[in-house]
Amino acid sequence: MPDTSAAAPRALVVLSGACKRYDKRNVLENVNLAVREGELTAIVGSNGSGKSTLLRLLAGIAALSSGERRLAESPEPIRIGYAPDRLPKLRFSAREYLRYMAAIAGLPEEKAEIAIDRYLTRLGLAHTGPLQMRHFSKGMLQKANLIQAVLAEPRLLLLDEPFSGLDESTREEMTGLLRELAAGGTTIVVASHDREWVDRLADRCVAIENGRIGSDETYPRARRRVREVTARMPGIREADAAPRSEGVVDCRTEGDVVRYRVEAERSDALLKELLEAGASILEVTEERTEAKP
């Protein structure tokens with residue numbers, strides 16, 4: 001994830017005094033939130049706290065009852081990807097559905113096909129062929145949901161409970177893709193009740209309580225001294241595993257899997273180097289120590 005210690009990142013989208021009411025009931029009230037570029041932000045809270053509504057307001061697909069939503073100034077429109085908490089079991093194959101969503105996003109057909117092929121293969125759905133999504137498991141639907149949100153290479157990605165009810169293998173596949181996107185600079189906001197996932201990956205945690213922001217914590221970079229990066233590199237030889245990036249403490253190879261321990265502030269450079277070399281990022285874990293006062 002981008003190192004923001006040198007300069008404060010700018011906000012991509014800002015909510016000011018945001019309120020949302022349904023049937024005269026306040027779901028969100030006086031929410032002030034700036035989603036900062038390059039961060040992976042977790043929105044946490046109990047069921048019914050307003051997490052999903054907050055994501056829809058950030059995405060611009062729900063209207064504010066009062067308050068203001070502002071996007072950063074940009075020479076090109078800020079593309080936003082959004083995945084709701086679930087997809088219905090549609091009478092389309094995954095490829096048919098993704099072609100339809102790519103067309104809505106305005107992707108050229110050739111570019112869309114390349115992206116669809118890449119992500120279906122990346123998340124293990126290429127084998128589904130003509131199978132309609134109404135026959136998909138929950139994990140398969142969640143994968144298709146994530147793919148439609150990232151097809152157009154959004155600058156801001158908003159995900160509503162993407163890991164709910166998934167088995168560990170599916171969670172790790174989807175988490176690996178999110179790590180790659182974050183390493184590439186995508187700003188990500190995830191609504192989740194899974195605090196373990198939040199503690200492992202999020203740069204920032206915003207807690208919603210009774211429709212208001214109860215806390216907004218940015219994890220100090222000083223707490224993240226060493227990260228372990230696990231990558232799959234087919235055909236890698238042990239002699240070739242040593243990276244050019246500075247800050248790598250050690251590296252170990254196990255077949256085509258390489259595990260690196262790297263200084264936290266230099267891990268982005270290592271991730272970039274690995275991705276450019278064609279590696280798949282399997283896991284990034286962190287060894288935290290409390291920041292000194």
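**Entry 1. Cavities**

For this entry I take a cavity to be a set of grid points where a 1.4 Å probe fits but cannot get out. I worked on a predicted model throughout. My count came to two cavities of 30 Å³ or more. I examined the second largest cavity, whose volume is about 30 Å³. Its lining consists of Ala83, Gln142, Asn145, Leu146, Leu159, Pro162 and Met174. I then asked which helix gives the largest share of this lining. I found helix α4, residues 138-150, with three residues. Sorted by class, I recorded five nonpolar and two polar residues in the lining of the second largest cavity, and no charged ones.

**Entry 2. Gln142**

I looked up Gln142 next, as one of the residues that line the second largest cavity. Gln142 lies in helix α4. Is Gln142 buried or exposed? I noted a relative accessible area of 3%; Gln142 is therefore buried, the cut-off being under 20%. Leaving out residues up to four places away in sequence, I listed the residues that Gln142 touches: Asp85, Arg86, Glu161, Pro162, Ser164, Leu166 and Met174. I also checked Gln142 against Leu87, which is 55 residues apart from it along the chain. The C-alpha atoms of this pair are separated by 7.3 Å.

**Entry 3. The largest pocket**

I turned to the largest pocket, for which I recorded a volume of about 270 Å³. It is lined by 17 residues. Which of them lie nearest its centre? I noted Asp85, Arg86, Asp160, Glu161 and Ser164. The elements that give two or more residues to this lining are α1 and α4. Of the elements, α4 gives the most to the lining of the largest pocket, with three residues. By class, I entered nine polar, six charged and two nonpolar residues for this lining. I add that Asp85, Arg86, Glu161 and Ser164 are among the residues touched by Gln142.

**Entry 4. Lys51**

I placed Lys51 in helix α1, which spans residues 51-59. Its relative accessible area is 7%, so I entered Lys51 as buried. What does the side chain of Lys51 reach? I found the backbone oxygen of Ser46, at 3.3 Å. Apart from residues up to four places away in sequence, Lys51 touches Ile43, Val44, Gly45, Ser46, Glu161, Ala191 and Ser192. Glu161 is one of the residues that Gln142 touches as well.

**Entry 5. Cysteines**

How many disulfides does the count give? I obtained zero. I looked up two cysteines individually. Cys19 is buried, with a relative accessible area of 11%. Cys205 is also buried, at 5%.

**Entry 6. Helix α7**

I went through helix α7, residues 267-276, and listed Ser267, Asp268, Leu270, Leu271, Glu273 and Leu274 as buried. For reference, an α-helix has 3.6 residues a turn, so residues three or four places apart point the same way. After α7 I noted Gly278, whose phi is positive, near 90°.

**Entry 7. The chain as a whole**

I closed with totals for the chain. The secondary structure comes to seven helices and 13 strands. Of the 293 residues in the chain, 46% are buried. Among the contacts with a separation of 6 or more, I recorded that 70% join residues 24 or more positions apart.

Key:
Residues are numbered from 1 along each chain as its sequence is written. This is a predicted model: local features need pLDDT of at least 70, side-chain atom pairs count only at pLDDT 80 or more; totals for chains, interfaces and linings use all residues. Side-chain values use heavy atoms; hydrogens and water are left out. Helices (H or I, at least four residues) and strands (E, at least two) are DSSP runs, numbered from the N terminus. Buried means under 20% relative accessible area, exposed over 50%, partly exposed in between (1.4 Å probe, protein chains only). A polar contact is a pair of N or O atoms within 3.5 Å; within protein, one must be able to donate a hydrogen and the other to accept it, and residues adjacent in sequence count only if both atoms are side-chain atoms. Contact means heavy atoms within 4.5 Å. On a 1 Å grid over the protein atoms alone, a cavity is a set of points where a 1.4 Å probe fits but cannot get out, and a pocket is an open set with protein on both sides within 12 Å along at least five of seven lines; lining residues have an atom within 4 Å of a point. Grid points are joined across faces, edges and corners, and a volume is the space filled by probe spheres set on the points. Ala, Val, Leu, Ile, Met, Phe, Trp, Tyr, Cys and Pro count as nonpolar, Asp, Glu, Lys and Arg as charged, and the others, Gly among them, as polar. A disulfide is a pair of cysteine sulfur atoms within 2.5 Å.
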